[in-house]
Amino acid sequence: MLSSPIVLRMPPELQMTDDQFFEFCQINRDLNIERNKTGELLIMPPTGGTTGNRNFNIAVQLGIWAEQDGTGICFDSNSGFKLSMGDKSPDASWMKLERWNALSEEQQEKFVQICPDFVLELRSASDNLKPLQEKMEEYMKEPGCQLGWLIDRKHRQVYIYRPGMPVECLENPDTVSAEPALPGFVLNMSKVW
């Protein structure tokens, strides 16, 4: 099993524009592809069944809360975001409606060029922790990002990221609250562990 993404380095003359990268991802839909700020392509290995199930359980909980709350929309792990750190696809994310609605229909159809308010990464058994922590730190530097969670199932830890604040690590929590960024959203960890 792969433990890290495959990194494809591109010569400068073959660097893709944003539209070309979007099209490249569309014609390679079976691959989970991200692009870092230097233009390298990262091909992520697929998750196993357990991680896929846990990711789905997280998305369901976030989606139910978002439907009831009504102030924003959710995105799954297939959604691409064009950020200063590169093109990324968090495992789950949420964005305030006013930020989403400020985008044109064309901007909404491609990789969204603003960072979600909330991003979540779920560490799978094959993931190395350090690159995920670095990715979360980068999200926190993006304008608009208010909260990030990195869930490490292996060690039953949840790392909580907030812009300009030290990382908080919860040990084996039963629940995790997203207050104040997502008022009322509490993730039940029994469906994640």
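**Helix α5 and two sites on helix α2**

In this predicted model, the buried residues of α5 pack against six strands: β2 (32-36), β5 (81-83), β6 (86-88), β8 (118-123), β9 (147-152) and β10 (157-161). Those buried residues are Leu129, Leu132, Lys135, Met136, Tyr139 and Met140. They lie on the same side of α5, because they cover an arc of only 145 degrees around the axis. The general geometry fits this picture. An α-helix has 3.6 residues a turn, so residues three or four places apart point the same way.

Helix α5 itself spans residues 129-140, which makes 12 residues. Its first and last C-alpha atoms are 17 Å apart. That is close to the 16 Å expected at 1.5 Å a residue.

Now turn to helix α2, residues 49-69. Take asparagine 55, which sits in α2. Is asparagine 55 buried or exposed? Its relative accessible area is 13%, under the 20% cut-off, so asparagine 55 counts as buried. Leaving aside neighbours within four places in sequence, asparagine 55 is in contact with Ser77, Asp91 and Leu122.

Phenylalanine 56 is also placed in helix α2. Here the relative accessible area is 54%. The cut-off for exposed is over 50%, so phenylalanine 56 is exposed.

Which residues join Phe56 in a nonpolar patch on the surface? They are Val60 and Ile64. Together, Phe56, Val60 and Ile64 have about 280 Å² of accessible area.

Conventions. Residues numbered from 1 in each chain as written. Predicted model: local features only at pLDDT ≥ 70, side-chain atom pairs only at ≥ 80, totals over all residues. Heavy atoms only, no water. Patch = residues over 30% accessible without salt bridge, like charges linked within 9 Å, V, L, I, M, F, W, Y side chains within 5 Å. Areas by Shrake-Rupley, 256 points an atom, 1.4 Å probe, with all protein chains shown as cover. Salt bridge = Lys/Arg side-chain N within 4 Å of Asp/Glu carboxyl O. Helix = DSSP H or I, 4+ residues; strand = E, 2+ residues; numbered from the N terminus. Buried < 20%, exposed > 50% of the residue type's maximum accessible area, 1.4 Å probe, protein only. Expected span 1.5 Å × (residues − 1). Arc of directions from axis to C-beta. Contact = heavy atoms within 4.5 Å.
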